[in-house]
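Please read this report alongside the sequence and the 3D view. Chains come before single residues.

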Amino acid sequence: MKRRLLIPVLSALALAMATPAMAESPKQGGSIVVTYKDDIVTLDPAIGYDWVNWSMIKSLFSRLMDYKPGTAELMPSLAESYDISKDGLTYTFKLRKGVKFHNGREVVAQDVKYSLERALDPKTESPGAGFFDSIAGVDPFKKGKSKDVKGIAVVDPSTVKFTLSRPDATFLHVMALNFASVVPKEAVQAAGKDFGKKPVGSGAFMLSEWKLGQQLVFKRNPDYFQSGVPLLDQITFQVGLEPMTAILKLEKGEADFAGDGIPPAKFLQIRNDPKFKDSIVEGGQLQTGYVTMNVQMKPFDKLEVRQAVNMAIDKQRIVKIINNRAVPANQPLPPSMPGYDKTFEGYPYDPAKAKELLKQAGLEKGFKTVLYVYNVDPNPRIAQAIQEDLKKIGIEVQIKSLAQANVIAAGGKAKTAPMIWSGGMAWIADFPDPSNFYGPILGCAGAVPGGWNWSWYCNKELDARAAKADAMSDPSKAAERMEAWRGIFTDIMKDAPWVPIFNEQRFTMRSKRVGGADALYVDPVRIPINYDHIHLSGN
Amino acid sequence: MIRHLAGRLGQAALLLVGVSFITFILLYILPADPARQLAGRSATPETVETIRQQLGLDRPFHEQYLRYLGNLVQGDLGRSYTQKTEVAEVVAARLPPTLLLMAAAIVVELMIGLTIGVLAALRPGSRFDQGAMIVSFIGVSTPQFVGGILMLYVFSVQLDWFPVGGYGTFRHLVLPAVTLGVLGAGWYSRMMRSSMLDVLARDFIRTARAKGIPETRVVVVHALRNAVLPVIAMIGIDVGLFMSGAVIVESVFGWPGIGQLAWQAIQQVDIPIIMGVTLVAAVAIVLGNLIADLVAPFVDPRIRLR
Amino acid sequence: MSDAPPLLEVDSLVKTFPNRNGGGGIHALNHVSFTQRRGETIGIVGESGCGKSTLGRTILQLIRPTSGDVRFLGKQLTLLPDEALRQMRRHMQMIFQDPFASLDPRMNVATLIAEPLVIHRLGTAAEQATEVARLLETVGLPAEAAKRYPHEFSGGQRQRICIARALALHPELIVADEPVSALDVSIQSQILNLLNVLKRDRGLTYLFISHNLAVVKYVADTVAVMYLGRIVEMGPAEQIYENPKHPYTQSLIAAIPPLQPGSGHAAPPLQGEAPDPEHPPTGCAFHPRCPHAMARCATEAPKAVDIAPGSGRHAVACHLHD
Amino acid sequence: MNSELPIFRVDDLAISFGGGTRRARVVDGVSFHVGRGETLGIVGESGCGKSVTVMSSVGLQPSPPSHVDGGSARLGDVDLLRLPPKALRRLWGSRIGVVFQDPMTSLNPVFTIGMQLREALAAHTNLTDAEREARIMAMLARVGINAPERRLRQYPHELSGGLRQRVLIAMALICGPELLIADEPTTALDVTLQAQILALLRDLRDEMGMGILFVTHDLGVVAQFCDRVAVMYAGRIVESARVDALFRAPRHPYTHALLASTPRLDSDRSVPLPTIDGMVPPPGARGAGCSFAARCSRAQPICLATAPALVAGQDGAFACHHPVPVP
């Protein structure tokens, strides 16, 4: 949804090279300039939820869990170790000793409890509060019936124990979310409502300067607990620059990294410019663009119709419309998401067969329907391509090109939008786990007014299988769990509530000054780049 | 004079209430729900409802508006939804750069526009005149986004005379001021040309010539002072034009002004900031017109403030 | 004089324009009264700013008066609601000084002349066309003029078009505001002749406003001389020209350069200029310029007095004739 | 009032307007002269070329769009038509003064009266400030402006029309010119003011001795103010004479008709005013014959074929094949 949070997951590339930063053993030092179009709205980890501040917050704060640089592989961070009970309901974390906040105070278990309760407190208005629902006692706390969250217990200053109300295989991912960042209570209280402008954490960098609308300067945290990290002494974030201007700045050497990427209008030109050959890094992202068909509305209540539509749309052509910045999709999960089925072939492009299916559904004369689309380029052009394809099998599509909020509203209303093209609002996972791609957008829980399941598809049997998979929190069952998810997503395609169209690729532009493995520039969790591990080239 | 000022300020206050009301209505009927936006997609409907209550968004329209107005009178513009900071603070930080840019752009556009306009009017129909009017037309009709990028490419990347965007030194100021000023210069040169042609055809110019004074004096003293009168009124109106131009130019050049702030706030449906910026822009337009009002009598003695 | 009721009665008409301060006001018309018989041409003369144009417009209710009455065809125009007034306008038309500015350049002559007929929904299209042709003939323009546009005509011809347009609704009263001032002498005489012919043939009544006494002499039966919003002298044309009573009228007539060289001016020219209507002099408004001013002229405003007892037609507002 | 030694003499002046195919002769073969202390009236209806003639003869007609095609205009022994602009400008305001038609628009609204007068004087003299002020005061007093010190600080809009015309006259005469060009100086004024201004100009002429070139359309003004008169029609002088002779016995049918059609105080309104039918031919459409022929009641075939030359008669000159007989 929106441009808020896009947490990507590991690209195939990233998987190939594990901790690449270590391989080169680069020297520390130097500074770089990163540009962004929008000013940073906040650096409060409980609130920040857009892809600009996401990675910055990761560098300013620490969490119990983290990912290996350039990968989606979990590793303990503030936690030295963790232990999961057999029933998957208790998680005990042992904190690393001697870790200090930027204000010099040591991080203790009480800080973890405080930080999570702060994120859950409705007064904080944290958009991430919903991620912690599996912790026992969250509900009474949110409703003000309980002073604290009973499921978070401070055992001793370096031990914190979580009790869950149900097994949750994604809990370690949740503990790696920014919303689970550990903050010092005294600094939060001192800053009052301005904590987002005066962040104090225990991350690799500290905020040293912030001129509203102009720039932010991050300085290296000399006391950072991970030795040799960060590699850079300073990062200057210049904000308020149009992507096009940012490219010019990069070209001239005034910036090292264009945070907003390559403007779509200039994509082909820059991609084909030999000057930029070594500056562009390509990777996958945890995103799927799809067309929903409302299974509660006629004639999409008929399976044959949905299958026909799946076979009538030429995805390859649509990919060309967006200058090949994506790969065609055949299932809901993107290729870089664990659980993706490489062997699955989906529905082939076969208009003749599609016509045949319509005939079987008793609709050989075709029908008329409406396709909702977000009115920002390239979405209307994509919708037109879909319109042309469907016309060939006799489906007359009227395009309703609306503001984003209106499309979302229509999708969340029962029996309103027969078809929606998800572009510009497409689902991007919050963390690299397939479960994040099911519940809200394909499960029964999302098929409610105001929900995100725009197909209004509800399969009780699949819901049960999903619940079962998510309960497999035993790390030894990880492979079995992925297998279960793989089956769920390919089985969904038998019912064909969606037409998966494509998965967008990421293209990151950097200057020649900066080095480090490519994977750091398309880091699946630190979007757009992993500030902690990049370094100047030649060092 | 003082009565005039007081009257003007009274009008301005009314205008601001009007502007705030209209903006408030527009934002009220906007389909985007700030509470839902703030809550994030992981939120349950109850959470969204709690946030809505906290922001007072569940109240009827008139109550919301009156509360906003009440705070406004006390100088409280509210808190930004997304930035969680005082709107007044955010806007105050952004205002000086915009004012600086605007002042520089006005200097640029007057220098270029008036010079071209006067020279073109002195030889109507000449090659210079035709060329100048074509250039003015291009200036007026070139989208500022394209113009700005072009300037950056030529003068920063290729020639390396100026930095690529940013804020701080005089060299940072030049290109955005020129980009913003060129649009106005196009208007001014066309306006100055026709105003000058009009004035040069008036009887008093003939009288001045008949006195035997040098032609340059006729043009510079007698014609220019009269021709510039409509231009002064235009500067007041211009402030509004600048405000809209600033949105694009500030974004292209990374100029930390309120135009950029507005653009970002609109995309994020940050209503308190949109309201704040709109009000500041309205104040600026009112002040611009007031200044034009105050300057005009010094140039034209027929206008007397009472 | 017949016993028939007058066509037009103007009673104590006052028009005050607010000045720039909003207070005080400019007294453009100061208790102006007169009556006009059917078929009588009244010439209103005076210097610029004396209120003569305002008088014309106020009578037609193009400007609503501040106070006073205008009775026309027995109806009190000042009390009429807008719709009724619109109906009454059929019977009173106006001709202006600048014939070019009065004609929409995008309309051809036929459309311009027929416009009043169309507005008042008189006749079919064919009847209107016939009427246009007849009107063109009446004002001395060729029939083919109907298809042409105003810019193709000279000033005199344009004024003829304006007259034809004014005649379209067969009005009783025509208010002509400086109708020949913008025209050359040779053309001026054509228009004056035309106006006289129309008056004779159609029994028109003119209120003829002009600064040129010689022109007024040629058309007017009765002359009213205005000074600073008041009628200072009014009477039959012969009497006004041959035996002017008010010193101002005398000065006005004396100021007209005669066509005989060497005849010189009868008297030294009137000194000074008309005073600022925002700050009129006390007493008789003319006293600062009057060669015969007396002490009481500065304090006491003279009332109009009938100096031809019985006829009730020659009145002067001057202390010399009290 | 002697005209033996003309101070200004125009010979065979020809002027056209426009360029290329649209170029049209608007003034053709015009000659006249003004003597010291003498007033020459140039009279005619609008479009006859009277203003263009006069303004062009002193170089004040903007060019383009007008072009002087030929002729000369000598002030003393200098031909103004052949002077470079700089030299011409030295004469304007010093030896040639100009008063224009509309006092309301002929003063610059944004400068004080004082500034505009000082400028006129400063352009041609090297007086000290005190001398200059004294001269300005004297001049203002002379043109009948009371409290000149106060007026100097005022702006044009604060003055009445009559006062403004007096200021313009003061401005034109402040350097004591030999020639005064008065282009319809009273047309925009009321009759009472017209009388005042004409009286003032007459007094100043008698006192300062300059020649006046007086452009007007008003025959009454000509009769009262001018010594000699040249009547223009369609870009040519059709008759010129001493004023008394012209009004007593106009020879050209146009002059005659013009006089007859002017309403006068002593006219008999029961008789229709004589009129001149038809229209003035526009520039460019003037044929080989007499331009007035088409409107002339006395026209003969020859009038349409050949343009009559200006022939000197007893009391003046006229251009007509069939002149009106002397009564």
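## Chains and contacts

Chains A and B share the most contacts of the 4 pairs of chains that touch; contact means heavy atoms within 4.5 Å. This is a predicted model, in which local features need pLDDT of at least 70, side-chain atom pairs count only at pLDDT 80 or more, and totals for chains, interfaces and linings use all residues. Residues are numbered from 1 along each chain as its sequence is written, chains are lettered from A and ligands numbered from 1 in the order in which they are written, and side-chain values use heavy atoms, with hydrogens and water left out.

Chain A does not touch chain C; their nearest C-alpha atoms are 43 Å apart. Chain A does not touch chain D either, and here the nearest C-alpha atoms are 45 Å apart.

## Chains B and C

Chain B has 13 helices and 0 strands. Chain C has 9 helices and 12 strands. Helices (H or I, at least four residues) and strands (E, at least two) are DSSP runs, numbered from the N terminus.

The table sets out whole-chain values. Buried means under 20% relative accessible area, exposed over 50%, and partly exposed in between, with a 1.4 Å probe and protein chains only. Accessible areas come from the Shrake-Rupley method with a 1.4 Å probe; for residues, only the protein chains shown count as cover.

| Item | Chain B | Chain C |
|---|---|---|
| Buried residues | chain B: 51% of 306 residues | chain C: 51% of 322 residues |
| Contacts of separation 6 or more that join residues 24 or more positions apart | chain B: 72% | chain C: 63% |
| Accessible surface | chain B: about 13,500 Å² | chain C: about 13,700 Å² |
| Surface from carbon and sulfur atoms | chain B: 71% | chain C: 54% |
| C-alpha extent along the principal axes | chain B: roughly 85 × 55 × 30 Å | chain C: about 65 × 50 × 45 Å |

Charges follow. Lys and Arg count as positive and Asp and Glu as negative; His and the chain ends are not counted. The place of a charge is NZ of Lys, CZ of Arg, CG of Asp or CD of Glu. Chain B carries 24 positive and 19 negative side chains, and the centres of the two sets lie 11 Å apart. In chain C, the mean positions of the 30 positive and 31 negative charges are 3 Å apart.

Chain C has a radius of gyration of 21 Å, which agrees with the value near 20 Å for a compact globule of 322 residues. That radius is taken over C-alpha atoms, and the globule rule is 2.2 Å times the number of residues to the power 0.38.

## The sheet of chain C

An open sheet of 8 strands in chain C has mixed pairing and the order β6-β7-β8-β3-β9-β10-β12-β11. β6 (92-95) and β11 (305-306) of chain C stand at the edges with a single partner strand each, so one side of each has no neighbour in the sheet. Two strands pair if DSSP finds at least two bridges between them. β11(C) runs antiparallel to β12 (residues 315-316) of chain C, joined by 2 bridges. Here D306(C) stands opposite A315(C).

## Enclosed helices of chain A

Helix α3 (residues 53-60) of chain A is largely enclosed by the rest of the structure, because 8 of its 8 residues are buried. Among them are W54(A), M56(A) and K58(A). The buried residues of α3(A) pack against β8 (205-211), β9 (215-220) and β10 (234-239) of chain A.

Helix α8 (residues 243-252) of chain A is also largely enclosed, since 8 of its 10 residues are buried. P243(A) and K249(A) are among the buried ones. Just after α8(A), G253(A) takes a positive phi of about 90 degrees.

I318(A) lies in helix α11 (residues 315-321) of chain A. I318(A) counts as buried, at 0% relative accessibility. Beyond four places in sequence, I318(A) touches residues including I313(A), I382(A) and F502(A). I501(A) is 183 residues away along the chain, yet the C-alpha atoms of I318(A) and I501(A) are separated by 8.0 Å.

## Backbone exceptions

Most residues other than glycine have a negative phi, and most peptide bonds are trans. In chain A, a cis bond joins V229(A) and P230(A), with omega about -5 degrees. P230(A) sits in the loop between β9 and β10 of chain A. Another cis bond joins K298(A) and P299(A), with omega about -5 degrees.

W456(A) has a positive phi near 55 degrees. W456(A) is buried, with a relative accessible area of 6%. Q61(C) has a positive phi of about 65 degrees. Q61(C) lies in the loop between α1 (52-59) and β4 (67-72) of chain C, and is buried at a relative accessible area of 4%.
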